[in-house]
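Colleague: Please take one part of this model and go through it closely, with the cut-offs spelled out.

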Amino acid sequence: MSILVVAEHDNNAVNPATLKTLAAAKAIGGDIVVLVAGKDCAAVADELAKAEGVSKVLLADNAVYEHQLAENVSKLVADLGKDYSHVLAPATTTGKNFMPRVAALLDVAQISDIIAVESADTFKRPIYAGNAIATVQAEDAIKVITVRATAFDAVAGEGGSGSVEAIDAVFDNDKSEFVGEQLAESERPELTAAEIVISGGRGMQNGENFKLIEDIADKLGAAVGASRAAVDAGFVPNDMQVGQTGKIVAPQLYIAVGISGAIQHLAGMKDSKVIVAINKDEEAPIFQVADYGLVADLFEVLPELNEKL
Amino acid sequence: MKILVAVKRVIDYNVKVRVKPDQSDVDLANVKMALNPFCEIAVEEAVRLKEAGTADEVVVVSIGPKAVQEQLRTALALGADRAIQVETDDMPDSLSAAKILKGVVEREEPDMVILGKQSIDSDNNQTGQMLAALTDMPQGTFASKVEVTDGHVSVTREVDGGLQTVKLALPAVVTTDLRLNEPRYASLPNIMKAKRKPLETVSTDDLGVAVKRTVKLLKVESPAERSAGVKVADVDELVDKLKNEAKVL
């Protein structure tokens with residue numbers, strides 16, 4: 001078996017989801033080759049060559065791959081992927097964007113968002129917002145797979161001795177073009193990679209009150225999240241949303257503040273190691289999944305918590 | 001311009017799914033079905049583009065047995081002009097759905113195809129991208145803003161770190177994210193009017209598409225339940241438990 005793993009990166013550094021996707025590749029077993037497509041991203045390739053289990057890194061360094069445009073990247077991955085038994089990418093918004101195109105170009109199905117590898121052709125994946133877990137078997141010769149990074153423990157980023165091979169395949173198109181991006185600037189860790197996440201819900205009442213959460217987050221080195229209700233109410237931007245329609249997180253500690261615990265939200269955080277719920281409604285469903293529940297008014301509790309940490 | 005919107009019939013999002021006792025699948029018998037929420041947003045966006053004068057026709061298509069006509073009527077009541085049902089015995093997988101939609105695209109020649117980013121049953125998030133690849137159209141997935149300007153569409157996309165904007169030459173595929181719009185409710189007069197709007201049924205043979213399934217569903221289980229823990233009395237006890245019992249601080 002030979003596995004092609006498409007790396008996620010920002011042309012400077014490896015996204016941790018890549019190391020977790022490599023763990024899924026390792027569980028499948030076989031020769032693991034990583035593709036780094038981007039612009040001026042040789043440092044990323046060098047970094048991944050040291051990752052555990054990587055035999056070779058293919059480096060496609062060209063301006064056409066700078067912004068990971070799906071139209072270009074999918075053609076490159078499909079062209080390379082036809083020689084492999086498996087093609088894997090993290091189920092991030094980047095992977096979700098180009099991988100189905102790869103599958104369609106190869107005329108095979110895609111298995112989305114796997115959370116476990118049962119064998120080389122059989123995988124587990126959540127369906128119905130995580131309310132059911134399906135075990136599926138892929139019969140296509142090439143298995144195109146996206147990996148839910150939070151379900152796998154990252155392989156070691158050091159100690160490997162893979163080679164780096166530059167490839168000059170260029171796939172461009174004249175139908176799509178990158179215009180710009182507005183990325184949230186934050187000193188805090190990225191939501192999906194943070195060890196501690198503290199999230200606010202509708203109970204926060206407005207965006208200004210999120211300051212109470214942010215102060216605690218800064219003290220703990222935590223990321224700040226939100227429920228869909230808080231996003232829909234306009235308190236905070238959507239990139240903070242944790243849940244079925246937002247980000248899936250599984251930190252060591254998840255603190256839910258003023259969040260009732262709709263199924264939609266639970267789908268995004270219930271695999272956290274320790275869950276704390278702070279809510280004044282003791283009937284709130286969030287308490288059914290919380291390891292520690294505190295029934296109290298968050299406006300009294302948060303300043304006190306900030307003081308005592 | 002003409003917009004094609006693909007919609008899917010799924011379990012209503014308020015219904016809690018149950019796994020069948022034999023673990024063969026989830027139990028959908030006698031369960032309330034509805035238009036997939038992301039597809040509803042797709043219909044709304046197309047109708048708004050028509051109301052703004054940007055589009056002149058909105059065609060909705062759904063794949064599946066006769067029951068999907070119910071969701072097509074819903075889309076017509078929301079403002080679509082006509083509907084196409086591609087009749088299949090059961091719901092095809094994403095790749096087959098994309099091939100069927102390619103057949104519809106070749107017949108209808110729309111300037112834009114709008115789909116939901118994913119359906120809330122299989123949660124695959126594939127069909128729009130696959131359709132784009134098969135028809136060699138550019139794509140703007142997970143859209144939170146769509147602007148049409150002379151032969152192009154600018155799509156603002158919800159990405160992990162924030163927002164990204166791409167400019168696509170038409171025809172293009174757009175898939176919707178939650179914040180793109182808030183769908184309207186169908187009014188009673190519009191529901192009545194929808195009953196008289198044209199709804200055509202075609203077969204996969206008409207479109208020249210062979211439906212196959214290459215992923216076998218072996219088993220469906222309920223996820224591991226998380227049990228409720230303890231209630232703490234105050235902040236002091238909480239901090240103590242987190243430090244000394246859970247050891248996460």
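Modeller: What follows is a close look at chain B, from its overall build down to single residues.

The model is predicted: local features need pLDDT of at least 70, side-chain atom pairs count only at pLDDT 80 or more, and totals for chains, interfaces and linings use all residues. Residues are numbered from 1 along each chain as written, chains are lettered from A and ligands numbered from 1 in the order written, and side-chain values use heavy atoms, without hydrogens or water.

Chain B contains 7 helices and 13 strands (DSSP runs numbered from the N terminus: helices are H or I of at least four residues, strands E of at least two). Its C-alpha trace spans about 65 × 45 × 40 Å along the principal axes. Of its 249 residues, 54% count as buried (under 20% relative accessible area; exposed is over 50%, partly exposed in between, with a 1.4 Å probe and protein chains only). Take the contacts (heavy atoms within 4.5 Å) in chain B between residues at least 6 apart in sequence: 70% of these join residues at least 24 apart.

Helix H2 of chain B, residues 68–77, is largely enclosed by the rest of the structure, because 7 of its 10 residues are buried. The buried residues of H2(B) are B:Val68, B:Gln69, B:Gln71, B:Leu72, B:Ala75, B:Leu76 and B:Ala77. After H2(B) comes B:Gly79, with a positive phi near 130°.

Next, the nonpolar cores (sets of buried Ala, Val, Leu, Ile, Met, Phe, Trp, Tyr and Cys residues joined through side-chain atoms within 4.5 Å). The largest core has 53 residues, and B:Val86 is one of the four members that touch the most others, together with A:Leu35, A:Phe98 and A:Val144. Helix H3 of chain B, residues 94–108, supplies the largest share of this core, 7 residues. A second, separate core of 45 residues includes B:Val17 as well as A:Leu22, A:Val34 and A:Ala45. In soluble globular proteins, nonpolar side chains tend to be buried together.

B:Val86 itself is worth following through the chain. Leaving aside neighbours within four places in sequence, B:Val86 is in contact with B:Val61, B:Ser62, B:Ile63 and B:Gly64, with B:Ile100 and B:Val104, and with B:Val202, B:Ser203, B:Thr204 and B:Leu207. Among these partners, B:Ile100 and B:Val104 have numbers that fall within helix H3 of chain B, residues 94–108.

Some backbone details remain. The peptide bond joining B:Leu170 and B:Pro171 is cis, with omega about 0°. B:Pro171 sits in the loop between strand E9 (162–169) and strand E10 (172–176) of chain B.

Positive phi also turns up in residues that are not glycine. B:Asn125 has a phi near 60°, and its place is the loop between strand E6 (112–116) and helix H4 (127–135) of chain B. The relative accessible area of B:Asn125 is 5%, so this residue is buried. B:Lys247, likewise not a glycine, has a positive phi of about 55°. B:Lys247 is found in the segment after helix H7 (235–245) of chain B. With a relative accessible area of 62%, B:Lys247 is exposed, whereas B:Asn125 is buried.
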